[in-house]
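Colleague: I should be grateful for a close look at a single part of this model, followed by an account of how that part fits into its surroundings. Please begin with the local backbone and then work outwards.

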2 protein chains.
Amino acid sequence: MSPRTGRRPAGSDTRQLILKKAGTAFSEQGYDKTSLRAIARLAKVDPALVTHYFGTKDQLFATLMRLPDNLASQVAALAAAPSADRGERVVRFFLALWENEATRQSLLAVFRSAVSQPQAADSLRAFISDALLGPLAATLDLPEPRLRATLAGSQLIGLAIVRYIIRMEPLASLDVESVVFWLAPTLQRYLSA
Amino acid sequence: MSPRTGRRPAGSDTRQLILKKAGTAFSEQGYDKTSLRAIARLAKVDPALVTHYFGTKDQLFATLMRLPDNLASQVAALAAAPSADRGERVVRFFLALWENEATRQSLLAVFRSAVSQPQAADSLRAFISDALLGPLAATLDLPEPRLRATLAGSQLIGLAIVRYIIRMEPLASLDVESVVFWLAPTLQRYLSA
């Protein structure tokens with residue numbers, strides 16, 4: 001029970017707890033109905049502590065969106081992979097994000113907010129552009145790299161909507177390998193010559 | 001100025017005006033923040049008239065969603081077209097709906113509501129399933145017709161999100177023929193052997 005037994009500093013745990021509760025609140029209530037006060041209540045902390053760690057609601061939301069922190073470098077690594085594998089690797093990477101329960105909750109929050117809130121839509125557009133499509137386009141040695149990256153994004157976003165958000169069958173329950181089987185050639189065509 | 005000079009009955013005009021204002025209100029405010037009273041105010045009619053024509057808010061929303069009325073038969077005709085043209089025809093049909101200003105407004109309202117409202121999401125899922133993917137799947141003489149129709153739906157929904165909702169460039173400003181050029185082969189692969 002001593003603070004020297006190797007547990008993480010309480011501040012780090014609290015910060016993570018607040019983030020987790022914020023993700024839940026944004027996902028369940030949407031951006032505009034979620035207050036920092038409500039997040040503080042869920043995390044059982046003083047609202048001032050939420051502000052101390054994350055600043056404004058916008059900034060907290062941005063922090064949530066940027067999980068995982070190294071997304072852009074992960075995407076750049078995918079695009080730099082051998083051209084013949086690119087479609088499959090991009091699909092697998094995207095599915096891994098959504099099949100993870102914690103990441104899926106943040107992504108759902110982001111999508112819900114973007115649709116109901118013009119400001120959140122701007123944030124999401126900027127985020128997708130900077131963290132995902134930009135790095136992807138930058139490594140494509142092909143004509144119209146930005147358009148190709150955006151087309152790939154359109155199929156992946158559509159998959160997310162149908163499989164994870166509106167949960168339409170049979171795509172919602174389809175096993176991951178079958179999703180890869182169907183989508184990899186589409187991504188491959190957009191992202192290769 | 002006589003009622004006998006050939007103008008349509010006032011009731012039909014008023015009904016259309018209410019529908020139009022409802023589309024604007026749902027699109028701008030989202031489903032949950034829009035009341036029948038607010039729609040009546042926009043259309044400058046008594047709220048009782050809105051109820052008389054359309055029933056509840058849910059029913060009005062469903063009426064809006066079902067425009068154009070003959071969507072299901074149009075989709076069935078597309079799928080029955082020669083197999084080699086199918087992808088291109090489906091893409092052109094979908095683009096025509098979204099490139100039309102009035103239809104785009106109702107579709108935007110539907111999407112916004114579906115994301116913010118579980119009940120509206122259920123309605124949208126049922127609508128897409130019954131009016132679009134069902135008729136499409138029913139005419140595909142291929143293994144897994146329902147999955148194929150749903151995959152086609154995922155690419156088209158992703159296109160709508162990226163091009164018309166979050167308006168990401170260069171796809172948002174791309175000319176229609178170029179969109180067809182890029183997407184038709186994807187749809188063709190999902191909807192043909």
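Modeller: R167(B) sits in the loop between helix 9 and helix 10 of chain B, and that loop is the part I propose to examine. The model is a predicted one, and what follows should be read accordingly. Although R167(B) is not a glycine, its phi is positive, at about 50°. Most residues other than glycine have a negative phi, and most peptide bonds are trans. R167(B) has 13 other C-beta atoms within 10 Å and is therefore partly exposed.

The same loop of chain B holds P170(B). The peptide bond that joins E169(B) and P170(B) is cis, with omega about 5°. In chain A, P170(A) is found in the loop between helix 9 and helix 10 (176-191), and the bond from E169(A) to P170(A) is cis, with omega near 5°.

Another positive phi in chain B offers a useful reference. K44(B), not a glycine, has a positive phi of about 55°, and its place is the loop between helix 2 (36-43) and helix 3 (47-54) of chain B. K44(B) has 10 other C-beta atoms within 10 Å, and so counts as exposed.

From the loop, the next element to consider is helix 9. Helix 9 (residues 145-165) of chain A packs against helix 9 of chain B at an angle of about 115°, and the two axes are 7 Å apart. The crossing of helix 9 of chain A past helix 9 of chain B is right-handed. Among the residues that make this contact are T150(A), G153(A), G158(A) and V162(A) from helix 9 of chain A, and T150(B), G153(B), G158(B) and V162(B) from helix 9 of chain B. By type, the residues of this helix contact comprise nine nonpolar, 10 polar and no charged.

The helix pair belongs to a wider interface, in which 31 residues of chain B are in contact with 31 residues of chain A. Helix 7 (101-116), helix 8 (118-138), helix 9 (145-165) and helix 10 (176-191) of chain B each contribute at least two residues to the side of chain B that touches chain A. Helix 9 of chain B gives the largest share of that side, 12 residues. The residues of the side of chain B that touches chain A are 18 nonpolar, nine polar and four charged. Of the interface residues of chain B, 97% are also interface residues in chain A, so the copies meet through the same surface.

The relation between the copies can be stated in terms of an axis. Chain B is superposed on chain A by a rotation of 180° with 0.1 Å of shift along its axis, at an RMSD of 0.1 Å. The two copies are thus related as by a two-fold rotation axis. The C-alpha nearest that axis in chain B belongs to G158(B), 1.8 Å from it, and G158(B) is one of the residues through which helix 9 of chain B touches helix 9 of chain A.

Lastly, there is the nonpolar core. The largest such core contains 104 residues, and L136(B) and A152(B) have the most contacts inside it. Apart from its neighbours within four places in sequence, A152(B) is in contact with V90(B), L136(B), L187(B), Y190(B) and L191(B).

Technical notes: Residues are numbered from 1 along each chain as its sequence is written. Chains are lettered from A and ligands numbered from 1 in the order in which they are written. This is a predicted model: local features need pLDDT of at least 70, side-chain atom pairs count only at pLDDT 80 or more; totals for chains, interfaces and linings use all residues. Copies are superposed by least squares on the C-alpha atoms of residues with pLDDT of at least 70 in both. Two residues are in contact if their C-beta atoms, placed from the backbone, lie within 7 Å. Helices (H or I, at least four residues) and strands (E, at least two) are DSSP runs, numbered from the N terminus. Ala, Val, Leu, Ile, Met, Phe, Trp, Tyr, Cys and Pro count as nonpolar, Asp, Glu, Lys and Arg as charged, and the others, Gly among them, as polar. A nonpolar core is a set of buried Ala, Val, Leu, Ile, Met, Phe, Trp, Tyr and Cys residues joined through C-beta atoms within 7 Å. A residue is buried if 20 or more other C-beta atoms lie within 10 Å of its own, exposed if 12 or fewer, and partly exposed in between; C-beta atoms are placed from the backbone. Axes are lines fitted to C-alpha atoms, for helices over the stretch in contact, and angles run from 0 to 180 degrees between N-to-C directions. A crossing is left-handed if the near helix is turned anticlockwise from the far one by less than a right angle, and right-handed if clockwise.
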